[in-house]
Amino acid sequence: MPHFLEPKTDRQLIEETGVDLVVRPNIAASFDAIRRAIDQIVSARFVLCGALHAAILRCAFDVPFGYFDSGYVDVPFKWDDFAASVGVGARFASNLPQGEAFYAEDFAGKIRKPDLLAILDCAPIIAPRALRARAKELK
């Protein structure tokens, strides 16, 4: 999943990275489109993430991913910030085999997700009781 401003075509990305499919983060503003995108992101065997939202989603679902650098990395600080929040570094891969190797070396068994209740407590909106209860169950 490249960044939404990625200038390369899907064909270029497939040829350069060795991936089977390119899923663009540019989706319609509807819950159905969001659900389809989430399903595509979490159901893949591995995702090279040029879009930070894909990395966050893969991390949340405990499925393998790698940070992707196609020559266009938007705001490197945000990647460093997210990586630090889960206790890993932000090393970028340029192709699928490299991404899988970096995942095995840097992420597998090392990711430490922040406490969900703490996140809900500092969110700018009040989380519904049912969500807070579910977060407590996961602790």
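Which residues make a nonpolar surface patch of about 470 Å²? I'll start there and then move to the strands, the aromatic rings and the charged side chains. One caution before that: this is a predicted model, and every value I quote is computed from it.

The patch consists of Ile27, Phe31, Ile34, Ile38 and Phe61. Take Ile34 as one of them. Ile34 is found in helix α2, which covers residues 31-43. Its relative accessibility is 35%, so Ile34 counts as partly exposed.

Staying in helix α2, there is a charged pair to look at. Asp32 and Arg35 form a salt bridge, with 3.3 Å between the closest N and O atoms. The two are three residues apart in helix α2, which means that about one helical turn separates them. Arg35 counts as exposed because its relative accessibility is 53%.

Now the strands. Strand β1 is residues 47-49 and strand β2 is residues 65-68; the two pair in the parallel sense, over three bridges. Within that pairing, Cys49 stands opposite Tyr67 in β2. Between the two strands, the connection involves helix α3, residues 52-60, and β1, α3 and β2 make a right-handed β-α-β unit.

On to strand β3, residues 92-93. Strand β3 runs parallel to β2, and two bridges join them. Phe68 has Ala93 in β3 as its bridge partner. Helix α4, residues 76-85, belongs to this part: β2, α4 and β3 make a right-handed β-α-β unit.

Next, the aromatic rings. How many aromatic pairs are there? The count comes to nine. One of them is Trp79 with Phe92: the ring centres are 5.4 Å apart and the planes stand at 70 degrees, and since over 60 degrees counts as edge-to-face, this pair is edge-to-face. Trp79 lies in helix α4 and Phe92 in strand β3, so the pair ties together parts that are 13 residues apart in sequence.

Are these two residues buried or exposed? Trp79 is buried, because its relative accessible area is 1%. Phe92 is partly exposed, with a relative accessible area of 22%; the cut-off for buried is under 20%. Both residues also belong to an aromatic cluster, which is formed by Phe46, Phe65, Tyr67, Trp79, Phe92, Tyr103 and Phe107. Tyr67 in that list is the residue I mentioned opposite Cys49.

Back to charges. How many salt bridges does a search of the whole structure find? It finds 11. You have already heard about Asp32 with Arg35. Here are some others.

Lys78 and Asp74 meet through their side chains in a salt bridge, at 3.2 Å from N to O. Lys78 has a relative accessible area of 24%, so Lys78 is partly exposed.

Arg134 and Glu137 also meet in a salt bridge, at 3.2 Å from N to O. Both are in helix α7, residues 129-138, and because they are three residues apart, about one helical turn lies between them. Arg134 counts as partly exposed, at 45% relative accessibility, whereas Glu137 counts as exposed, at 57%.

Finally, there is a network of salt bridges that links Arg91, Glu105 and Asp106.

To recap, on the strands: β2 pairs in the parallel sense with β1 and runs parallel to β3. On the rings: Trp79 and Phe92 sit in one aromatic cluster. On the surface: Ile34 is part of the nonpolar patch. That is what I have.

How values were computed
Residues numbered from 1 in each chain as written. Predicted model: local features only at pLDDT ≥ 70, side-chain atom pairs only at ≥ 80, totals over all residues. Heavy atoms only, no water. Pairing = 2+ DSSP bridges. Helix = DSSP H or I, 4+ residues; strand = E, 2+ residues; numbered from the N terminus. Right-handed = clockwise from strand over helix to strand, strands pointing away. Patch = residues over 30% accessible without salt bridge, like charges linked within 9 Å, V, L, I, M, F, W, Y side chains within 5 Å. Areas by Shrake-Rupley, 256 points an atom, 1.4 Å probe, with all protein chains shown as cover. Salt bridge = Lys/Arg side-chain N within 4 Å of Asp/Glu carboxyl O. Buried < 20%, exposed > 50% of the residue type's maximum accessible area, 1.4 Å probe, protein only. Phe/Tyr/Trp six-rings, centres within 6.5 Å; stacked < 30°, edge-to-face > 60°.
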